Amino acid sequence: MRSPSKRRHRQKTKPRRFLMPPEPEPQPQPVPKRRLPVPRLRHFPDKGHLTEDYSDLVDASEIPPPYPPKWIFERMERHLPPALLRAPRGEKLEYMQRILAGHVPSPEDFARMESCIQYRKRICSSYKPLHPQLYKMDPRAFFLPSFLRAIRGNTIESFFDIIEEPTPKVYTFPMLRPAFCKMLMNEVENFQNWARREKQEINDPDSLGEPARGTTISDIGMKGMLDDLMKQFISPISKVLFPEVGGGCLDSQNSFVVPYGGDEGELSFNEDDNCMGMHVDDSDITLNVCLGKQFTGGEIYFVGRRCRNHVNSGPKHEETFIYSHVVGQALLYHGRHRHYVCPSYGLRHNMIMRCKSSLFNEVTKCKIDFPDWCIECLREHTASGWNILKP
Ligand SMILES: [Zn+2]
């Protein structure tokens with residue numbers, strides 16, 4: 001039996017209501033989506049396998065544009081998984097097309113690549129170089145002895161004998177011989193004069209102006225030499241300094257020489273095509289070397305690395321850095337490092353090599369943020385981490 005005091009207390013206290021939660025409506029169970037297995041090829045072909053004939057494919061419109069060469073399917077078929085080798089032709093074709101879909105360029109890219117190949121062929125068959133020695137890698141003639149020593153040492157210590165890092169992830173080092181710089185400028189000028197005389201169109205390297213001011217030197221026969229330059233002399237450095245953006249697996253480059261400033265020999269200032277607003281490069285890593293001539297100004301104003309999502313965010317004071325060009329001195333920086341180019345007075349030529357890693361490019365398709373180098377991504381990560389810890 002309860003005591004009276006307890007009973008009084010219960011009467012004064014507002015009764016508490018406990019509402020039973022409603023019975024949940026039975027939800028339809030989601031049907032698990034059946035994911036198609038990722039199509040893969042075997043590393044080693046079945047050399048004895050007799051392949052199907054795919055020569056009728058284009059006429060039958062069985063291949064989406066841009067039409068890959070028919071022989072691709074015959075070569076691929078020998079690499080199919082054993083279980084598929086005896087499958088019907090249509091099944092094999094569908095499997096191979098799924099593989100190609102991830103690698104075949106779009107029709108626009110395909111047309112651009114084809115046009116570039118034809119352009120290079122045309123130039124290389126008709127343009128006579130002024131300095132043929134530029135078209136083949138010659139380390140002793142191209143590079144300063146100190147640079148060669150650092151590369152041959154191939155250690156962090158040997159690199160940092162010549163490399164300076166005036167601001168995080170911007171590196172400078174003496175690289176090219178003055179004679180090489182002069183020859184390259186003369187070669188480019190010679191090519192430009194020839195192209196004007198012959199009414200030959202010049203490929204615009206970077207939509208820098210109309211008509212094109214720069215010259216894509218890879219397109220005038222120097223691609224082999226420039227590939228060597230990237231693989232043998234830039235990759236060893238970028239592997240150490242830029243591992244986070246594919247510096248260890250660079251596999252393509254686009255190089256051009258751009259004049260900034262007035263006409264040759266004149267000390268002039270043309271504001272229209274003489275400076276560039278804030279931008280990031282179409283590269284993973286950029287090598288930028290001043291070749292000369294007579295100039296003042298033309299500094300590069302760096303304002304911090306940002307991913308695509310944060311490219312327009314404001315700079316932090318500690319990120320800003322101004323670099324003044326020195327002839328023959330290389331500047332090596334992350335392609336997503338935002339920068340301005342200040343106006344040049346006089347005439348200045350720079351060689352710019354934009355290096356890319358196809359492996360890093362594949363990785364970026366899956367990643368959406370880069371807290372290891374974009375401070376806005378890092379800030380968001382830190383903020384979300386703080387929220388989780390809050391009670
Ligand atoms: Zn970011």
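Select Asp281 first: in this predicted model, Asp281 counts as buried because it has 20 C-beta neighbours inside 10 Å, and 20 is the number at which a residue becomes buried. Asp281 sits in the loop that links strand S5 (276-279) to strand S6 (285-292). Show its surroundings next. Setting aside residues up to four places away in sequence, Asp281 touches Thr286, Gly335 and Arg354. Then add Cys355, which lies 74 residues from Asp281 along the chain, with a C-alpha separation of 9.9 Å.

Move to Gly214, in the loop between helix H9 (178-197) and strand S3 (215-216). Gly214 is buried, since 23 other C-beta atoms lie within 10 Å. Draw a distance from Gly214 to His349: the C-alpha atoms are 9.3 Å apart, while 135 residues separate the pair in sequence.

Both Gly214 and His349 are among the contacts of Val257, so select Val257 now. Apart from neighbours within four places in sequence, the other residues in contact with Val257 are Leu184, Val188, Thr215, Ile217, Leu291 and Met351.

Now widen the selection to the largest nonpolar core, which has 50 residues. Val257 is one of the residues with the most contacts inside this core, along with Leu184, Val289 and Leu332. Colour helix H10 (residues 223-241) as well: H10 supplies 6 residues, the largest share of the core.

Finish at helix H5 (residues 107-126). At 1.5 Å a residue, its 20 residues should span 28 Å, and the end C-alpha atoms are 29 Å apart, which agrees. How many of the 20 residues of H5 are buried? The count is 1, and H5 is hardly covered.

Note on methods: Residues numbered from 1 in each chain as written. Predicted model: local features only at pLDDT ≥ 70, side-chain atom pairs only at ≥ 80, totals over all residues. Core = buried A, V, L, I, M, F, W, Y, C linked by C-beta atoms within 7 Å. Buried ≥ 20, exposed ≤ 12 C-beta atoms within 10 Å, placed from the backbone. Helix = DSSP H or I, 4+ residues; strand = E, 2+ residues; numbered from the N terminus. Contact = placed C-beta atoms within 7 Å. Expected span 1.5 Å × (residues − 1).
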